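Biologist: Please pick one part of this model and take a close look at it with me. I'd like to know what packs around it, in plain words.

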Amino acid sequence: ILKSEIANRESESIPKSQIANRKSEEFSTETATEWMAESYHQQSRSDLPNSLRAARNAAERAASFGFAWVRVAELEFGFGRTAAALEALDTGLRQSPRNALGLALKGFLLAAQNRTATAIEWFDQAIGVDSALGYAWLGRGLCRIRRGELEEGRLDLQTAAALEPHR
């Protein structure tokens, strides 16, 4: 791409202030992918109920879209609805069994049930799929600390912080 082409594209782009202030209804949400984008947009505005609604719309629009089901599970868990989260997550992991975020989320759901040893196994699976997923290292570290493995847990927490220092 020539520099002049980049300059032309930049001048044609929408100003960031307009993007940040856009209203959801101004954009089409026809596809599951568009609904997923809408879910993240609503989350960025701290509107978690609408974020969940958008994620559910994505999952309903494309029932085999495992990432949408994992997103639903993540949000349900955030609302403290563990049973709904597990149901959505199981669907998501059937569709996308190597979804590292989903595997780590399963670990957190099990940890919330005080099933620490099993939770660690799920965090290990997530790390095996994506060793750069700080979320999985965080979960495993917390579980290790819960089990009294303080040094190992601390090392996992340090790894999580190094991988995702802005979280």
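Modeller: First, a word on contact: it means heavy atoms within 4.5 Å. Using that, let's look at helix 8, where the buried residues are covered by neighbours that include helix 7 (100-112) and helix 9 (134-146). (Helices, H or I with at least four residues, and strands, E with at least two, are DSSP runs numbered from the N terminus.) Keep in mind that this is a predicted model, where local features need pLDDT of at least 70 and side-chain atom pairs count only at 80 or more, while totals for chains, interfaces and linings use all residues. Residues are numbered from 1 along each chain as its sequence is written, and side-chain values use heavy atoms, leaving out hydrogens and water.

Helix 8 runs over residues 116-129, 14 in total, and spans 20 Å from first C-alpha to last, close to the expected 20 Å (that is 1.5 Å times one less than the number of residues). Its buried residues are T116, A119, I120, F123, A126 and I127. (Buried means under 20% relative accessible area, exposed over 50%, partly exposed in between, with a 1.4 Å probe and protein chains only.) They cover an arc of only 115° around the axis, so they sit on the same side of helix 8; the arc uses the directions from the helix axis to the C-beta atoms. Here's the background: an α-helix has 3.6 residues a turn, so residues three or four places apart point the same way.

Now zoom in on F123, which is buried at a relative accessible area of 0%. The model holds three aromatic pairs. (Rings of Phe, Tyr and Trp, its six-membered ring, pair if their centres lie within 6.5 Å; planes under 30 degrees apart are stacked, over 60 edge-to-face, the rest tilted.) F108 and F123 have ring centres 5.0 Å apart and planes at 80°, so they are edge-to-face. F108 belongs to helix 7 and F123 to helix 8, so this pair ties together parts 15 residues apart in sequence. F108 is buried too, at 16%. The F108 and Y135 rings have centres 4.7 Å apart and planes at 35°, so that pair is tilted. Here F108 in helix 7 is linked to Y135 in helix 9, 27 residues away. Y135 counts as buried at 18%. Ring pairs thus join F108, F123 and Y135 into a cluster.

A104 meets part of this group as well: beyond its neighbours within four places in sequence, A104 is in contact with F123, A126, L133, Y135 and A136.
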